[in-house]
Each structure stands twice: as structure tokens, then as C-alpha cells.
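Q: Could we go through this model together, slowly, and keep to what can be read from it?

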Amino acid sequence: MRRLHQLRAALGKEALALIRDTEALLILIVMPAVFVLIMSLALQDTFAHQIPKPMRLVILDEAHTTFAPRLTAALHKDPSLAVSVQALDNRASRAHVRKLVHTGRVAVALVLSQSQPHHTHTPSIVVTLYTNPALPAQMRALGISLVRQAMAQLDATRLASTLQQLMPSGTPSGLLTLTQGAARLEVAKQGLNGAPTPTSAQQNVPAWALLAMFFLAIPLSVSLIKERQQGVLLRLRSLPVPSWVLLTGKILPYFVVNTIQLAVVLLEGMYLLPLLGGDALTIGHAPLALGVIATAANLAAISYGLLVATVVRTQEQATSFGAVSVLIMAAIGGILVPTMVMPPVMQRFAAISPMSWGLDGFQAIFVRNEGLTTILPDTWHLIGFGTVCLIVAAARFRHELRPQ
Amino acid sequence: MRLFFRDMLTRPTPTTVSAFANTHTASELAIDIHEVVGRYPRADRASIDHVSLQVRAGTILGLLGPNGAGKTTLLSMLCALMRPRSGTIQVHGLQFKDHPDAYKDLIGLVPQSLALYSRLTARENLAVFGRMSGLAGRQLHARMDFAIAFAGLEEVADQRVERYSGGLQRRLNLVTALLPDPPILVLDEPTVGIDPQSRHAIHENLRQLSRTGKTIIYTSHYLDEVEQLCDEIAILDRGRLIAQGSLGVLLAQFTGNQIELRFEPQSISTAAPILRALAGVYDMTVATPLITLMTDNPYQRLPQVLSALEVAHLRPLTLMVGARDLEQTFLNLTGTRLRDTP
Ligand SMILES: Nc1ncnc2c1ncn2[C@@H]1O[C@H](COP(=O)(O)OP(=O)(O)O)[C@@H](O)[C@H]1O
Ligand SMILES: [Mg+2]
């Protein structure tokens with residue numbers, strides 16, 4: 001009974017202090033909402049200019065004609081140097097290409113195949129272009145236009161040489177060859193496994209929501225440091241209150257704040273962004289999975305915040321260490337820059353950032369319409385990370401409250 | 001023991017200050033500190049060095065000492081915030097290690113620095129700490145009303161604490177510790193940096209609490225307030241307890257052997273060597289225009305002092321024999337002036 005009253009007090013004071021802390025609320029709820037708005041709209045039009053060059057592109061040649069090396073050469077000659085092209089070994093399979101694209105290791109994949117034999121009047125080579133579903137629309141557009149340009153260039157060259165051949169002989173048989181070497185570009189409307197292509201909002205909304213969740217480490221640790229500095233913790237230590245009561249008092253109110261924050265940016269992405277001319281956020285069809293990954297990310301963020309709170313001593317440390325560590329996690333986790341534009345070495349680092357697990361989970365649901373089973377590995381990662389942080393934080397806090 | 005306290009706590013006592021403390025007989029030991037050593041991690045010497053102190057229930061004990069003497073450290077160990085390196089502490093017969101919750105229920109700590117949520121109102125602070133102490137419902141509200149009235153905070157109870165004056169914050173800081181009605185109240189320099197009215201109000205509060213039988217430990221820098229308020233005094237210096245007793249006994253014991261004379265400033269240089277040479281004067285301090293003689297027996301030596309001065313045509317402006325004040329006692333004991341210490 002006594003513990004219940006204590007728990008109520010611990011929750012109550014934290015909630016009240018938080019509600020009256022306009023700064024913290026601004027950081028936690030308004031900041032991500034503003035960022036989502038700005039970044040989603042800004043990247044909508046300008047992201048293409050900001051893509052780090054070169055963008056990685058692979059070619060799988062199933063047609064086994066001379067077209068593949070010529071296309072590769074044409075892409076290589078692109079004066080904008082926007083792509084780095086790699087022709088895959090002929091033994092590579094579509095499954096391998098799918099993996100490369102979906103893990104974000106390459107931004108664009110081209111699969112060259114022979115067209116169906118009965119369509120003799122159509123070009124003989126079909127170039128199918130695949131992009132990572134999470135690739136921002138601007139990058140996707142850039143990739144497509146580069147491939148188009150290269151193919152148009154090849155077409156022009158081929159036409160020129162065909163015409164040259166036609167001139168001296170004058171035979172009509174040459175007309176046939178006019179279409180024979182032609183290639184047709186098919187942009188896959190759907191990802192390799194049938195999901196719709198992503199929008200700027202689908203990258204930015206979950207990314208900034210996650211960043212804000214982890215940024216909560218700052219106000220959370222500041223609140224504990226203030227309790228230390230204001231002597232409140234000393235008074236609490238003089239009362240028969242166990243540390244778990246005080247920790248729980250910190251977790252729940254911030255959990256609610258994070259949940260509100262996420263709801264705000266999701267609604268913003270779904271309803272406000274399209275009004276302002278941006279892509280509307282579609283959130284898939286798996287509310288349960290969404291709830292699970294959101295809760296796991298939320299708890300991981302709060303546990304990390306508690307860990308920071310029990311490690312740092314001053315408000316300055318909380319602010320600088322909190323901000324720097326969270327920004328590093330965000331940078332390597334594909335929050336600030338999408339993973340697929342990173343070089344392979346960096347991409348391997350992404351897998352160790354809790355924020356990338358969260359982003360992966362959200363994008364599986366939003367972009368690829370996946371459900372619970374797909375996001376479970378990411379969920380377990382987040383829960384594991386959160387548990388480790390929480391155990392260390394609880395041990396440190398318990399030690400702090402005990403007679404020294 | 002524990003059940004008993006719980007019973008007292010659950011009895012609504014909105015109008016009386018404490019129903020609990022009256023049940024103690026005056027001679028019962030409230031606090032028994034035995035040979036306690038306190039040392040901070042990484043400190044090269046102990047901050048509390050084999051201190052033994054006993055406090056009877058219902059006493060107001062003034063704990064005096066210059067800055068850094070170890071007052072806060074001793075109170076921290078009493079309140080189970082710090083673990084003694086050796087020695088034992090019993091509070092109403094309980095040790096912390098055996099009964100941690102019941103032990104903490106016995107002591108209300110008023111920390112040296114303010115310990116309040118500045119963004120919350122007085123009422124909200126009281127509710128938080130009341131619940132943390134295990135109070136709830138009607139009983140909590142009765143105790144909160146009592147605390148607000150007791151500290152005279154009715155007018156401002158629903159304002160945020162950050163808007164309070166220093167004095168009001170101190171008063172709230174004090175009554176917050178009273179919420180669960182603990183039999184022992186420990187105050188660490190509760191009147192530092194506040195206006196005389198608030199200080200007066202706090203002293204009045206403490207006298208009222210003392211009359212109901214609470215045991216009060218009060219540390220201070222201000223000798224006069226300790227003189228006015230406390231029944232007993234303990235003096236700490238460099239981690240050691242160098243005196244403990246009632247005010248009268250201490251004064252008699254430590255300042256009873258002195259004669260203090262005030263001269264015209266120009267006479268000091270003539271008077272000092274004459275006085276120092278007298279039989280029975282074993283020490284002398286000169287602080288123009290005062291000369292203080294330490295003698296084996298001041299009343300017996302007084303005629304001798306006066307006649308020697310008469311011969312040199314010197315006459316003191318004022319003359320004081322025996323006890324002067326606590327400041328002097330303190331100075332004699334520690335060689336430090338309490339107020340002058342940094
Ligand atoms: N946290 C601490 N770590 C190390 N030494 C400390 C700490 N707090 C106090 N001390 C030392 O212990 C001694 C007693 O300090 P304290 O109990 O605060 O004195 P007081 O309350 O009488 O002013 C001082 O010498 C002080 O420097
Ligand atoms: Mg102190």
C-alpha cells in the first residue's frame with residue numbers, strides 16, 4: 001500500500017514538473033514536428049542535389065548481349081559522375097540483386113533481359129530498373145533519369161551506325177535491324193517483393209520521430225540532475241523510498257511524452273504534409289506491429305536516457321554528452337542520411353545503432369507493408385539494448401540512493 | 001515498535017503538533033551515537049573521528065562547529081545517508097541495518113540546502129513528500145493542512161515555490177520534514193541566509209514542537225540563536241566532539257576562569273605587561289581595547305588585579321568576571337571564531 005502511494009507521488013511530481021517545463025516539451029514534441037515538416041518538404045525537391053556522389057548502381061545481365069557492356073560504359077561516361085556502376089557477375093541471381101537493393105547497399109539495380117520472342121516488333125532487350133523502397137523519391141528520380149540518358153545516348157549511337165550501314169547498300173533488310181538492337185526501359189513500379197515505392201515522408205517521419213525519442217535523454221537526465229542539485233534527491237534518500245519507485249516515476253511520464261510525440265508526427269505526416277504539397281505518409285496495414293516497434297523504440301530511448309542520467313553529473317554534461325551520443329547514433333543509423341547512400345563500410349556500422357533498428361522496423365511496416373514477423377528481429381534488438389541500459393542505470397541509481 | 005509507530009501515524013492529528021512524542025518519558029534516549037567514524041571515499045582523513053553523542057528524547061540539541069567541522073557529515077550518518085566506517089548509531093533502540101524503513105520513519109531531515117521542487121506549489125511539494133513518506137488520503141490532507149498552517153503559508157500555498165522568498169522556502173523546507181510526524185527532527189543550518197522575521201518564525205515553530213516532546217537537533221553557525229533555542233549544546237571541531245552539555249554547564253566550565261577588562265586604547269600598552277606579570281594569570285589575550293586574563297580563580301585574583309592597576313594609575317572602563325558568552329567559550333575551545341570562518 002505504501003509503495004503504491006510512493007509510486008503515485010513519483011509519477012505525479014515527474015508529470016507535473018514535465019508539464020511545467022516548457023523547454024523540455026518544446027524539445028520533445030514541437031521540435032520533431034517542425035523537423036518532419038521542414039525536412040520532408042525540403043527533401044521533396046532538393047534532395048537530389050544533395051546526394052553524395054556517386055550513387056551506387058549495379059547491373060545484372062540476364063540477356064547476355066553486347067548491350068550490357070555498352071550500357072555500363074555509357075553510364076560510366078556520365079559527365080555528372082552521379083553513379084558508380086558495377087556489372088554483376090553473370091552467375092548472380094535476382095535474389096542477390098534483391099538483397100543488395102533491400103539492404104540499401106545499392107541505390108539502383110538494373111536487370112537486363114531478353115524480351116518475349118513473340119513481340120518481335122518491340123525492342124529485344126528489356127532493362128528493368130529497381131530501387132530500394134526506402135530510397136527518397138528524389139534520388140529515385142535522379143537514378144532513373146541517369147539511366148534514361150545513358151540509354152538514349154546508346155540509341156542515338158546505334159541509329160547513327162545503322163543509318164550508315166543502310167546508306168551504301170540501300171537494301172530494306174537494314175530496316176529490321178533498326179529495332180533489333182533497341183532496348184526498352186521498364187521502371188519497376190513496385191519493389192522487388194511487391195511493395196510500393198517510398199516517399200520522402202516515409203523516410204523523414206519515422207527518422208525524426210526516433211531522433212526526438214532518443215533526444216529525450218537530455219531532459220530526462222536534466223530532471224534527475226536538478227533533483228540532485230536542488231537537494232530533493234537527498235530528501236528522498238532520507239525517506240523510506242526504494243529506488244525502483246523513483247525510476248518508474250521517471251519512465252512512465254516520458255513514455256507518454258514519446259508516445260504523444262510519435263502520434264503527433266505520424267498524424268502530421270498523414271494529414272498536414274499533403275496539404276502543404278508534400279508526399280502523404282502511408283503507414284501500412286499493421287497497427288499491431290507499429291505499436292510493438294514504437295513501444296520497443298520508446299523504451300530503448302528512455303532506458304538510454306536513464307543511463308545518461310546516471311552517468312553524467314552536470315546539466316552541461318547531460319546536454320553535450322546526450323546530444324553528441326544521440327547524434328552519432330542518428331548519423332550512423334541512417335536517420336540524418338539514409339543508409340543506402342552511405343559507403344559499404346559505414347553501412348555495416350548502421351547495424352549497431354538502435355535508431356537504425358527502429359527505422360528499419362518502421363519502414364518495413366510503412367514502405368513494404370510488412371507485419372509483426374518481419375519487425376521482430378529489430379524489436380528484439382531494441383528490447384535487448386533497452387534492457388542492458390536499464391539494468392546498468394538501475395544499478396547505478398540504486399547505488400546512489402544507498403548510504404554511501 | 002514499528003507497528004506502534006504505524007498506529008500513531010494512522011491516527012489523524014491535524015490540530016496537535018505531535019501525538020507521538022508525548023508518549024516518551026523524558027529520560028529515554030532518542031539518539032545514541034557510539035564511537036562513530038565517518039570518512040568520504042578518497043578523503044585522506046576522517047570527517048567524523050570517533051564521535052559519541054547521546055540525546056535524550058524531547059531535547060533541543062544545538063550542534064555547533066565552524067565550517068568543515070563535520071556537522072553535516074554527522075547528521076548524514078544519523079539520517080542513514082552515509083555509512084559509518086565504524087561505530088554504531090541507534091535511534092529509539094533501532095539500527096538502520098536491521099530496520100531500514102522503520103528507522104527512516106523516526107527521523108525527519110531538514111537538509112542544509114533547500115530540498116523542494118521549485119516548479120511545484122507548496123501544496124504539491126507536500127503531497128509528493130507526504131506520499132513518499134507513506135501518507136495518503138484524508139490523513140495526508142490533514143497533515144498537509146497542518147504543515148501549511150504551521151509554517152504560515154496559507155496565502156501562498158498554491159503558488160510555485162520558485163516565486164517564494166528565501167524565508168518562505170526555508171519554512172516550507174522545514175515543515176516538509178514534519179509531514180509524517182517523526183519523533184526526531186534534524187535541521188542542518190535551517191536559518192542560513194534568511195530575514196530575521198522568518199528566522200524568528202522558525203524558532204517559534206521549533207519551540208512549539210519541542211513543547212510537544214519532539215527531539216530536535218539543530219546545527220548552526222549562529223551562537224546567539226543556539227543560546228536562545230537549545231537546551232543542550234555539542235561542539236564539533238575537525239571531526240571531534242570537544243564538548244557537550246547544557247548551556248549553563250558549558251559556560252561555567254569553559255569561561256568561568258577569565259577576567260575581561262576594557263581600557264582606553266592608549267592605556268593598553270601600559271596595562272598589558274603589568275597584568276601578565278601577576279601571580280595566578282596563566283594566559284592573556286589582548287584585543288584592543290579588551291584584555292582577557294585566564295586565571296586559576298578569578299574572584300580570588302580580582303583584588304590583586306585592581307590594586308596593581310591602581311599603582312600604575314590605570315583604571316579599567318568595564319570589568320567582567322567569569323562567564324561571558326558562548327562565542328568566547330567556543331573561541332576558547334576551538335581557537336576559531338565561529339563567524340569568521342570561511
Ligand atoms: N562529499 C565530500 N567528499 C569529501 N570530503 C567531504 C565531502 N563533504 C564534506 N567533506 C569534508 O568533510 C569535512 C566535514 O564537512 P561537513 O560535514 O560538510 O562540515 P560542516 O557541515 O560542519 O560545515 C570537511 O573537511 C569537508 O571538506
Ligand atoms: Mg554543513
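A: Before we start, one convention will help: Ala, Val, Leu, Ile, Met, Phe, Trp, Tyr, Cys and Pro count as nonpolar, Asp, Glu, Lys and Arg count as charged, and the others, with Gly among them, count as polar. Please also keep in mind that this is a predicted model.

Q: OK, so how do the residues of the shell around ligand 1 divide up?
A: The shell around ligand 1 is made up of 3 nonpolar, 6 polar and 2 charged residues.

Q: And which residues surround ligand 1?
A: They belong to chain B: Y40(B), R45(B) and S47(B) are there, together with P66(B), N67(B), G68(B), A69(B), G70(B), K71(B), T72(B) and T73(B).

Q: What is the distance from an oxygen atom of ligand 1 to the side chain of T73(B)?
A: An N or O atom in the side chain of T73(B) lies 2.5 Å from an oxygen atom of ligand 1. For G70(B), a polar backbone atom is 3.0 Å from an oxygen atom of the ligand, while for N67(B) a polar side-chain atom is 3.5 Å from a ligand oxygen atom.

Q: How much of ligand 1 does the protein cover?
A: On its own, ligand 1 has 560 Å² of accessible area, and the protein covers 61% of that.

Q: Switching to the two chains, how many residues does each give to the contact?
A: Chain A gives 29 residues and chain B gives 33 residues. Between them the two chains bury about 3000 Å², and 55% of this buried area is on carbon and sulfur atoms.

Q: How many salt bridges and polar contacts are there between chain A and chain B?
A: There are 4 salt bridges between chain A and chain B, and one that can be named joins the side chains of R2(A) and D105(B), with 2.9 Å from N to O. In addition, 13 residue pairs are in polar contact across this interface.

Q: Which helices of chain A supply at least two residues each to that side?
A: They are α1 (2-19), α8 (217-229) and α9 (232-238) of chain A, and the largest share, 10 residues, comes from α1(A). Taken by type, the residues on the side of chain A that touches chain B are 12 nonpolar, 6 polar and 11 charged.

Q: What's the salt bridge count over all chains?
A: The count over all chains is 21 salt bridges. One of them lies within chain A, where the side chains of K250(A) and E227(A) meet at 3.1 Å, N to O. This pair links distant parts of the chain, since K250(A) sits in helix α10 (residues 243-275) and E227(A) in helix α8, 23 residues apart.

Q: Last topic, the backbone: where is the cis peptide bond?
A: It joins T288(B) and P289(B), with an omega of about 5 degrees, and P289(B) is placed in the loop between β11 (281-287) and β12 (290-295) of chain B.

Q: And what about the phi of R42(B), positive or negative?
A: R42(B) has a positive phi of about 70 degrees, although R42(B) is not a glycine. This residue lies in the loop between β1 (29-38) and β2 (48-56) of chain B.

Methods:
Residues numbered from 1 in each chain as written. Chains lettered and ligands numbered in written order. Predicted model: local features only at pLDDT ≥ 70, side-chain atom pairs only at ≥ 80, totals over all residues. Heavy atoms only, no water. Contact = heavy atoms within 4.5 Å. Buried area = accessible area lost by both parts, 1.4 Å probe. Polar contact = N/O pair within 3.5 Å; in protein donor to acceptor, adjacent residues only side chain to side chain. Helix = DSSP H or I, 4+ residues; strand = E, 2+ residues; numbered from the N terminus. Near = heavy atom within 4 Å. Areas by Shrake-Rupley, 256 points an atom, 1.4 Å probe, with all protein chains shown as cover.
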